[in-house]
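Hi,

Here is the structure I said I would pass on. Have a look at it first, and then read my notes below.

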Amino acid sequence: MDTPALDLDEVGVAYGAVTALENIDGTVVPGGSVALIGPNGAGKSTLIRAILGLVPLRSGRITVLGRAPAAARREVAYVPQADTLDPEFPISAGQVVLMGRYRRIGRLRRPRPADRAAAARALDQVGLADRARDRFGTLSGGQRQRVLLARAIAAEPRLLLLDEPFNGVDAVSEQALLDAIGGLREHGAAVVIATHDLALAHLACEEVCLLNRCQYGFGPTEATLTPDRLRATYGGHALEVRGDSVIVAHS
Amino acid sequence: MIAPFTQPFMARALAELIVLGALAGTVGVLILLRRLAFMTDALTHTVFPGVAGGYLLAGEGGVFWGALAAGLLTAVLLTLLTRHRAVAEDTALAVLLTTFFATGVVLVSRESGYTTDLTAFLFGRILTVTGQQLTQTLAVAVVALVALVFLRRPLLARTFDPGGAEAAGHRIGLLDLAVNAIVALVVVASVRAVGTVLVIALLIVPAATARALSDRLAVIVPLAALLGATAGWAGLAVSYDASVRHGLRLASGGTVVLVLVGLHLIALVGRRLRLTRGTA
């Protein structure tokens with residue numbers, strides 16, 4: 001059997017005395033996909049940071065592509081939320097995507113034709129081939145998110161981590177993101193998506209991990225997203241289904 | 001505008017201002033994009049006790065090394081403060097700035113030429129730049145530019161997207177320390193020539209002007225360097241011309257800054273015209 005792309009074993013994270021995550025378990029195979037689902041502050045971003053090796057674990061172990069997280073970073077790509085970035089920054093979409101090649105290019109060398117070709121291909125995969133020269137900040141929110149996904153694709157990752165990639169994204173961009181993520185998975189990359197949108201979790205991922213400090217379920221999307229589990233995870237808070245708020249009440 | 005520079009002291013002043021203008025313009029782009037203007041202002045004040053202490057210990061020759069020590073110490077403290085966020089960042093900066101500055105004032109007040117020294121620190125003495133100072137400025141410029149070239153990709157990644165850069169394995173703390181140290185070096189190199197009040201203008205205005213004129217970093221960086229150097233030359237030439245030909249004494253450093261601000265205003269008008277034409 002292949003080495004799992006990601007293996008979580010009794011993972012716990014604490015910030016000082018505050019427990020952020022405890023007893024998280026699960027495995028993602030190459031080409032597999034899992035949606036991290038839970039309310040704001042549930043620890044989705046913390047888990048992503050832990051998988052990147054950026055926060056120390058209080059307990060348990062994370063294995064990424066058979067290695068410790070920090071040692072595997074070269075083959076892991078992370079896609080932040082586009083709206084956290086400065087829209088005034090003087091950088092073109094093409095330059096942002098080329099950042100995904102920085103590790104291969106090195107510090108001083110000029111980008112090789114292979115690097116430029118990979119960046120162009122990645123931008124094409126998210127449907128923005130003709131926008132390479134446009135300034136990043138002039139693109140729509142959804143297009144910026146697609147550029148950031150293209151940057152990750154250009155890095156040729158074996159594990160892709162996305163933090164709320166569908167927030168404030170229009171329908172066209174949403175479909176382009178889903179298609180590009182699907183394309184990566186066909187090439188064997190595993191995908192982890194933090195989202196609070198259950199419908200998109202359904203569309204994008206085969207598996208879900210229900211999270212609110214501890215784990216309320218991990219498994220195939222259909223079987224895991226049960227009303228009981230959702231109620232337990234959200235504790236009666238509002239949750240979002242394709243932009244509409246739905247209240248899950250305590251029974 | 002060339003004739004005055006045949007005199008050795010004017011030639012040295014010109015060379016110093018051109019090197020500083022180009023260097024500060026380049027580094028200023030980083031300050032602009034990282035929004036570090038206030039931190040830079042703090043640095044211009046915190047080198048003061050180094051200048052004063054260096055002078056007390058070793059005379060004129062100690063000034064550069066004292067400023068360098070204080071500047072690099074501040075760079076380290078600023079990096080640690082902003083990393084751990086024990087207190088709000090601007091509060092921490094303000095406390096650090098005034099503590100250092102007050103220490104400098106106490107040190108200087110022990111000397112008899114107190115106000116003269118303070119004035120020189122605030123406004124610089126560009127016309128008395130020595131060959132040794134020029135060499136030090138050149139050395140600083142080389143160190144800073146080599147560091148910028150070597151770190152340009154990690155710095156761009158960190159400046160644009162800190163979270164993404166950290167995830168990609170860039171050491172954010174070390175990069176921030178490098179930036180703070182580079183800014184400190186520029187401040188230290190500039191302080192005797194143009195003074196602490198004016199160095200902030202050299203660091204901020206050319207970069208802001210270049211940013212107003214272009215959306216491309218490949219244009220902004222060289223343009224900022226060119227604007228800084230040009231303002232240095234023009235400001236010096238204008239102040240010399242005014243005092244020699246017209247008997248009008250204009251402080252060189254101040255004139256340089258006014259030229260910079262004038263160029264900035266022209267650029268803003270130019271940008272407005274360009275935008276209006278673009279939407280018409």
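**What I found**

A:Leu65 is buried, because 21 other C-beta atoms lie within 10 Å of its own. This leucine sits in the loop between strand S4 (59-64) and helix H2 (69-72) of chain A. Its phi is near 50 degrees, which is a positive value in a residue other than glycine. One thing to keep in mind as you read on: this is a predicted model.

Chain B has a residue you can set beside that one. B:Arg35 is not a glycine either, yet it has a positive phi of about 55 degrees. You'll find B:Arg35 in the loop between helix H1 (8-34) and helix H2 (37-46) of chain B. Is B:Arg35 buried or exposed? It counts as exposed, because it has 10 C-beta neighbours inside 10 Å, and 12 or fewer is the cut-off for that label.

**Chain A as a whole**

Chain A contains 10 helices and 11 strands. Its C-alpha atoms fill a box of roughly 55 × 40 × 35 Å along the principal axes. For 251 residues, a compact globule would have a radius of gyration near 18 Å, and chain A agrees with its 18 Å. Buried residues make up 48% of the chain. If you take the contacts in chain A between residues at least 6 apart in sequence, 67% of them join residues at least 24 apart.

**A helix to look at: H5 of chain A**

Try finding helix H5 (residues 113-125) of chain A. At 1.5 Å a residue, its 13 residues should span 18 Å, and the end C-alpha atoms are indeed 18 Å apart. Which residues of H5(A) are buried? They are A:Ala118, A:Ala119, A:Ala122, A:Leu123 and A:Gln125. Looking down the axis of H5(A), you would see these buried residues fall within an arc of 160 degrees, so they line one face of the helix. A general point helps here: an α-helix has 3.6 residues a turn, so residues three or four places apart point the same way. On the other side of H5(A), A:Pro113 and A:Ala117 are exposed.

What do the buried residues of H5(A) pack against? Their partners are helix H3 (93-99), helix H6 (141-154) and helix H7 (171-186) of chain A. Just after H5(A) comes A:Gly127, with a positive phi of about 75 degrees.

Helix H3 of chain A is also where A:Gln95 is placed. A:Gln95 counts as buried because it has 22 C-beta neighbours inside 10 Å. Its C-alpha atom and that of A:Arg121 are separated by 13 Å, with their places 26 residues apart along the chain. For another pair, take A:Ala199 and A:Met99: they are 100 residues apart in sequence and 31 Å apart in space, C-alpha to C-alpha. A:Ala199 belongs to helix H8 (residues 198-204) of chain A, and it counts as partly exposed because it has 14 C-beta neighbours inside 10 Å.

**Chain B as a whole**

How many helices and strands does chain B have? It has 11 helices and 0 strands. Its C-alpha atoms fill a box of roughly 55 × 55 × 30 Å along the principal axes. A compact globule of 280 residues would have a radius of gyration near 19 Å, and chain B agrees with its 19 Å. In chain B, 49% of the residues count as buried. Among its contacts between residues at least 6 apart in sequence, 75% join residues at least 24 apart.

Helix H10 (residues 217-245) of chain B is worth a look too. Its 29 residues reach 41 Å from first C-alpha to last, close to the 42 Å expected at 1.5 Å a residue. After H10(B) comes B:Gly247, whose phi is positive, near 60 degrees.

**Where the chains meet, and the core**

In the model, 16 residues of chain A are in contact with 17 residues of chain B. On the chain A side, the residues divide into 11 nonpolar, 1 polar and 4 charged.

The largest nonpolar core has 169 residues, and the members that touch the most others are A:Val97, A:Leu161 and B:Val186. Helix H9 (residues 172-213) of chain B gives this core its largest share, 25 residues. Leaving aside neighbours within four places in sequence, A:Val97 is in contact with several residues, including A:Ala119, A:Ala122 and A:Leu123, which are also among the buried residues of H5(A).

Cheers

How values were computed
Residues numbered from 1 in each chain as written. Chains lettered and ligands numbered in written order. Predicted model: local features only at pLDDT ≥ 70, side-chain atom pairs only at ≥ 80, totals over all residues. Contact = placed C-beta atoms within 7 Å. Nonpolar A, V, L, I, M, F, W, Y, C, P; charged D, E, K, R; others polar. Core = buried A, V, L, I, M, F, W, Y, C linked by C-beta atoms within 7 Å. Buried ≥ 20, exposed ≤ 12 C-beta atoms within 10 Å, placed from the backbone. Helix = DSSP H or I, 4+ residues; strand = E, 2+ residues; numbered from the N terminus. Rg over C-alpha atoms; globule rule 2.2 N^0.38 Å. Expected span 1.5 Å × (residues − 1). Arc of directions from axis to C-beta.
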